[in-house]
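Me: I have a chain to study and some questions about how it folds. Can we work through them one by one?

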Amino acid sequence: MPADTEQSRRRVQSIEVGFRVLRVLRMAEGALPLREIASRAGMPSSKVHLYLVSFVRENMAYQDPETGHYGLGSFAIQLGLAAIRQLDVVDIAQEVMTELRDKTDCAIYLSLWGDRGPCIVAKADGLLQGAFQIRLGYILPLTTTATGLVFLAHLPDYETRRALDAQEAYDRDRNHASAPSEEELAQRIAEVRSNGFGSTVGMLHRNFAGVAAPIFDYSHQVAATLTLLGPTDFVTKTRLKEFQKLVLNATASISERMGAHGSGDAKDG
């Protein structure tokens, strides 16, 4: 009936408007005040408040009791992780990650490219990482991690430029000594492309070394990055060379299952 059709249309529109609010929360760096959410969503504050009350009730959003600001809630996080788990590359990589962890005793993690840079979506904790825990959902620095360098080496500039500009501005504001110059960054990226992997020592954490390599899909586009992280007193020069080969073999195996062609064993050296 026409009345039922009109009611259904209003319900669908209500969901679409609600997602405008959720998108603002998703893109935010942290919890935001009501007026800022309304401004970014292009909606009246009174209308946004009604949606936020419902989202808080369903744990899609939370309200900070001290500031009154709003952020994404626990159910939104669970929803995001559930979506991640359904991605083929995460399922395919899980067994390989566990095997690599068992062979090396180091932490292994898988990262996907997101709006703000590389995001850790799966991990296998190592025996040697001590109190340094890798968190799911953590956004990794682009220019000072092996993971970030791999994505910079294999993604087109137009995809990485926004995240790269944001990090460069962040580093400038805080006078980060570890931030590379343009020439240094270009050299690091060239080395990743030449070697097939990225390797850093003491950058993400001064006592840890990282090795990362890309995972390719059927179209030979980078789908994810697999990274090994271990303490520098364990990842000696001899072990580093061995671990680089193990990481390359692991990513070749995952890439082959993702349909990438020409994914052979890691080359020596």
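Me: Which loop holds His220?
Reply: This is a predicted model, so keep that in mind throughout. His220 has a positive phi, although this residue is not a glycine. The strands on either side make a hairpin with five residues between them. His220 sits in the loop between β6 and β7.

Me: Is His220 buried, partly exposed or exposed?
Reply: Buried means under 20% relative accessible area, and exposed means over 50%. His220 has 44% relative accessibility. That value makes His220 partly exposed.

Me: Which other residue, not a glycine, has a positive phi, and of about what value?
Reply: Look at the loop between α5 and β3, where Asp105 lies. Its relative accessible area is 28%, so Asp105 is partly exposed. The residue is Asp105, with a phi of about 65°.

Me: How many bridges pair β6 with β7?
Reply: The two strands run antiparallel. One pair to find is Val211, which stands opposite Leu228 in β7. The number of bridges between β6 and β7 is nine.

Me: In what order do the five strands of the open sheet lie?
Reply: Build it from the pairs. β3 and β4 pair antiparallel over seven bridges. Five bridges join β3 to β7, again antiparallel. β5 pairs with β6 over four bridges, and the full order is β4-β3-β7-β6-β5.

Me: Which strands stand at the edges of that sheet?
Reply: The order is β4-β3-β7-β6-β5. An edge strand here has a single partner strand, so one of its sides is left without a neighbour in the sheet. The edge strands are β4 and β5.

Me: What is the average twist from one strand to the next?
Reply: The sheet is open, and its pairing is antiparallel. From one strand to the next, the twist averages 25°.

Me: Which residue in β7 is the bridge partner of Leu110?
Reply: Strand β3 covers residues 107-114. In β4, Leu110 has Ala122 as its bridge partner. In β7, the bridge partner of Leu110 is Leu226.

Me: How many residues of β7 are buried?
Reply: β7 is largely enclosed by the rest of the structure. β4 is mostly covered too, with seven of its eight residues buried. For β7, the count of buried residues is nine of the ten.

Me: How many residues lie between β3 and β4 in their hairpin?
Reply: β3 spans residues 107-114. β4 spans residues 117-124. The number between them in the hairpin is two.

Me: Are α5 and α9 roughly parallel or roughly antiparallel?
Reply: Their axes lie 10 Å apart, and the angle between them is about 160°. An angle over 145 degrees counts as roughly antiparallel. Therefore α5 is, relative to α9, roughly antiparallel.

Me: Which residues of α9 meet α5?
Reply: The crossing of these helices is right-handed. From α5 come Val89, Ile92, Ala93, Val96, Leu100, Lys103 and Thr104. From α9 come Phe243, Leu246, Val247, Ala250, Ser253, Ile254 and Arg257.

Me: How many residues does the largest nonpolar core have?
Reply: Nonpolar side chains tend to be buried together in soluble globular proteins. Those with the most contacts inside this core are Val89, Met97, Leu110, Ile215, Leu226 and Ile254. The largest nonpolar core has a residue count of 33.

Me: Which elements each supply at least two residues of this core?
Reply: Both helices and strands contribute. Another core, of 19 residues, lies apart from it and includes Leu25 and Tyr51. The suppliers of the largest core are α5, β3, β4, β6, β7 and α9.

Me: Is Phe197 buried or exposed?
Reply: Phe197 is in the loop between α8 and β5. Among the residues it touches are Val211, Gln244 and Leu248. Its relative accessibility is 10%, and buried means under 20%. So Phe197 counts as buried.

Me: How far apart are the C-alpha atoms of Phe197 and Leu248?
Reply: Along the chain these two are 51 residues apart. Yet Phe197 touches Leu248. Their C-alpha atoms are separated by 7.3 Å.

Notes: Residues numbered from 1 in each chain as written. Predicted model: local features only at pLDDT ≥ 70, side-chain atom pairs only at ≥ 80, totals over all residues. Heavy atoms only, no water. Buried < 20%, exposed > 50% of the residue type's maximum accessible area, 1.4 Å probe, protein only. Pairing = 2+ DSSP bridges. Core = buried A, V, L, I, M, F, W, Y, C linked by side-chain atoms within 4.5 Å. Axes fitted to C-alpha atoms, helices over the stretch in contact; angles between N-to-C directions. Parallel < 35°, antiparallel > 145°, perpendicular 65-115°, else oblique. Left-handed = near helix turned anticlockwise from the far one by under 90°. Contact = heavy atoms within 4.5 Å. Lists of a residue's contacts leave out its neighbours within four places in sequence.
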